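Hi there,

Here is the structure I promised to pass on. Could you have a look at it when you get a moment, and then read my notes below?

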Amino acid sequence: MELPGFAVAVWMFSCLYASVGGYPNGKVREACTSMVPCHGSSPQLSPEHTITVNGTEFKPGDSIEVHLSGPDFEGFFIQARDAEHLDRPAVGSFVLADRRRSQLLTCGRTKNSAVSHTSKAKKKDIKVYWIAPGDAPKHVQFLATVVKKYRIFWVKIPGPIVSQTDVLSPTPPLHATSEAMSTSYPASYISKPFSASGCGSMKFCIRSPSNCDPGSASCFFLSFQQEETSVFIEMSGPSEGYLAFALSHDQWMGGDDAYLCVNEDHRVHVSTAHLKERSYPLLDLENALEDVSWRLADGVLQCSFRRSICLPAYKGRFNLDTSYYIFLADGEASEGGLIYKHRRQPLVTDGLYNITGLPQDIGASRSPRLIKAHGALMFVAWITTVSIGVIVARFFKPVWSHSFLFGKELWFQVHRMLMLTTVMLTSISFVLPFVYRGGWSQQAGFHPYLGCAVMALAIFQPLMAGFRPSRHASRRQLFNWFHWSTGTTARILAVVTMFLGMDLPALDLPDPWDTYTMIGFVAWHVGTDVLLEIHSYYLVRKVEVIEDDRVQILQSLTSAEAEGRLFKQIVLTIYICGNIVFLVAFLIAINQV
């Protein structure tokens, strides 16, 4: 039997405001009418628990013992209702037999008209007493909702019908088993992995990595195949918790049409939900899916189902003949089927797609293009241009002091060009996350704060250089220290910021590869710097001191440095090649996420 309109309204209201964790304390007044717990899944079909009474007749004021028993259960909700009108409010009141395990609730205007659990501690039976009211209907039936685990429950398990004295017992109504059965459906088992055959020609497919085999243990696969007025959907991927996909009007979570396949005690439950911003999915009471099947094997979760292209009767279900961004997420689930937030960024298509339009075979990325560009530009700036610019300024003044470019010393022009390129790349990269997020991100930890500090220092450096004193001015030494300390601070903060950014969900480079590679780059740069410092010290030690009449003739430092021209140029060439290798490695990793 379908839920009455009023019951549906009450149920939707209670689902919106009830905790996603259910009612472990038994305060289930929100479910007085429907008797359906807000656990977001469909009730089971065949009850495992029974209700018994110690009598079949009553007079107003009589007490009837009601006993609920069966396999271990965590929660329960018991009412008595008019057997001929089960949609009406509860009748009569209850008295407790065990206050530690049960409590009285008031549903509607009748005090103590329902009984529920006090905690989620497991129990095998519950005994209460029902007191017949003076205005009792002729026939009363006891109903119970029993929760075995969070996602495993039975709604309105029918109990015995008791009648007033001298009134014939009625024939039990056919709908007495469960008002919510209309939302349940049988699920079959999938015998083998899905196939990518027909992707791009007969069905719309999303695969990550691109062109992967759905049967492999590392392939995330989602396909849509139109069949007249419905679409058959297949979803699989490496997960022992849950897989979910959502249709969205943008690349942000919120206001989306979601579909979840959740592993519940080695069985897969398929449900629909509505995503409201970054909160827990609002799972639907009524399920619009048909032909549900599933499979769990070798760490791969598979599920398939069918839904109509248009579902006007189901609020929150999008029409499938419109273009959407498509999300594909995976995560962990508890033993009872409660899902946890995905630990990594969902796979998201790079554009809007109509799954009932022209069949395509596309990939998806966990990192948006703007964030990829942000990371790539920062790596180019702080792994190549700034590092090479610092080496040139520190060690190549004497080597290129007699070479000029556009009227200035060659080393200075190369240094200035590389540093201005760093500022330009950093400025462009700095803006991209704000464009993507539409403002400040509250989810990125210290990364954006350090990024702002790096950006400020990167701009301050060339501004300060514009006021550089002349070579022989008294303030030149002070300027040199400020220039060096500001640049060094910016480089250190940039490396720390990149370390933090590599593991953010929006980029999330592969662990632990990203950490080891960044450590390798830092060691490569420091090692090159130390090597050139040792080489400079060695040249100074080679200064020839000739004593003649107490006059020391010192070979100039410039001449000594010139002797190492070839060595320094070889080291610089090797250093640049190494930096390019690190940069290419990071760019490849960014492209693959």
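What follows is a short tour of the sheets, the salt bridges, the surface and a few backbone details.

Please keep in mind that this is a predicted model.

Let me start with the strands. One open sheet holds six of them, in the order S18-S17-S16-S15-S21-S22, with antiparallel pairing. Its edges are strand S18 (282-283) and strand S22 (347-348); each has a single partner strand, so one side of each is left without a neighbour in the sheet. At the S18 edge, strand S17 (residues 267-275) pairs with S18 in the antiparallel sense through two bridges, and Ala-273 has Leu-283 of S18 as its bridge partner.

Elsewhere, strand S8 (residues 123-131) is worth following. Strand S3 (residues 63-73) runs antiparallel to S8 and is joined to it by eight bridges, with Phe-73 opposite Lys-123. Strand S5 (residues 93-96) is also antiparallel to S8, this time with four bridges, and here Val-95 stands opposite Tyr-129.

Now the salt bridges, of which the whole structure has 18. One of them returns us to S3 and S8: the side chains of Lys-124 and Asp-72 meet at 3.0 Å, N to O. Lys-124 belongs to strand S8 and Asp-72 to strand S3, so this pair ties together parts that are 52 residues apart in sequence. Asp-72 is partly exposed, at a relative accessible area of 30%.

A second salt bridge brings Asp-361 and Arg-207 together at 2.3 Å, N to O. Asp-361 sits in strand S23 (residues 361-362) and Arg-207 in strand S12, so the parts tied together here are 154 residues apart in sequence. Asp-361 is partly exposed, with a relative accessible area of 30%, whereas Arg-207 is buried at 9%.

A third joins Asp-350 and Arg-369, again at 3.0 Å, N to O. Asp-350 is in the loop between S22 and S23, and Arg-369 is in helix H2 (residues 369-395), 19 residues apart. The relative accessible area is 43% for Asp-350, which is partly exposed, and 61% for Arg-369, which is exposed. There is also a network in which Asp-98, Arg-100 and Arg-101 are joined by salt bridges that share partners.

On the surface, I would point you to two patches. Positive charge gathers in a patch made by Lys-397, Lys-408, Arg-416, Arg-468 and Arg-471. Arg-471 is placed in the loop between helix H4 (447-465) and helix H5 (476-501), and is exposed with a relative accessible area of 57%. The other patch is nonpolar and covers about 690 Å²; its members are Phe-434, Trp-440, Phe-446, Tyr-449, Ile-492, Val-496 and Leu-500. H5 gives the most to this nonpolar patch, with three residues. Ile-492 lies in H5 and is exposed, at a relative accessible area of 51%.

Last, the backbone. Ser-208 and Pro-209 are joined by a cis peptide bond, with omega about 0°; Pro-209 is in the loop between strand S12 (204-208) and strand S13 (220-227). Asn-112 is not a glycine, yet has a positive phi of about 60°; this residue lies in strand S7 (residues 110-117) and is partly exposed at 23% relative accessible area. Asp-291, in strand S19 (residues 290-297), likewise has a positive phi, near 50°.

Happy browsing, and best wishes!

Note on methods: Residues are numbered from 1 along each chain as its sequence is written. This is a predicted model: local features need pLDDT of at least 70, side-chain atom pairs count only at pLDDT 80 or more; totals for chains, interfaces and linings use all residues. Side-chain values use heavy atoms; hydrogens and water are left out. Two strands pair if DSSP finds at least two bridges between them. Patches are made of residues with over 30% relative accessible area and no salt bridge: like charges are joined within 9 Å, nonpolar side chains (Val, Leu, Ile, Met, Phe, Trp, Tyr) within 5 Å. Accessible areas come from the Shrake-Rupley method with a 1.4 Å probe; for residues, only the protein chains shown count as cover. A salt bridge is a side-chain nitrogen of Lys or Arg within 4 Å of a carboxyl oxygen of Asp or Glu. Lys and Arg count as positive and Asp and Glu as negative; His and the chain ends are not counted. The place of a charge is taken as NZ of Lys, CZ of Arg, CG of Asp or CD of Glu. Buried means under 20% relative accessible area, exposed over 50%, partly exposed in between (1.4 Å probe, protein chains only).
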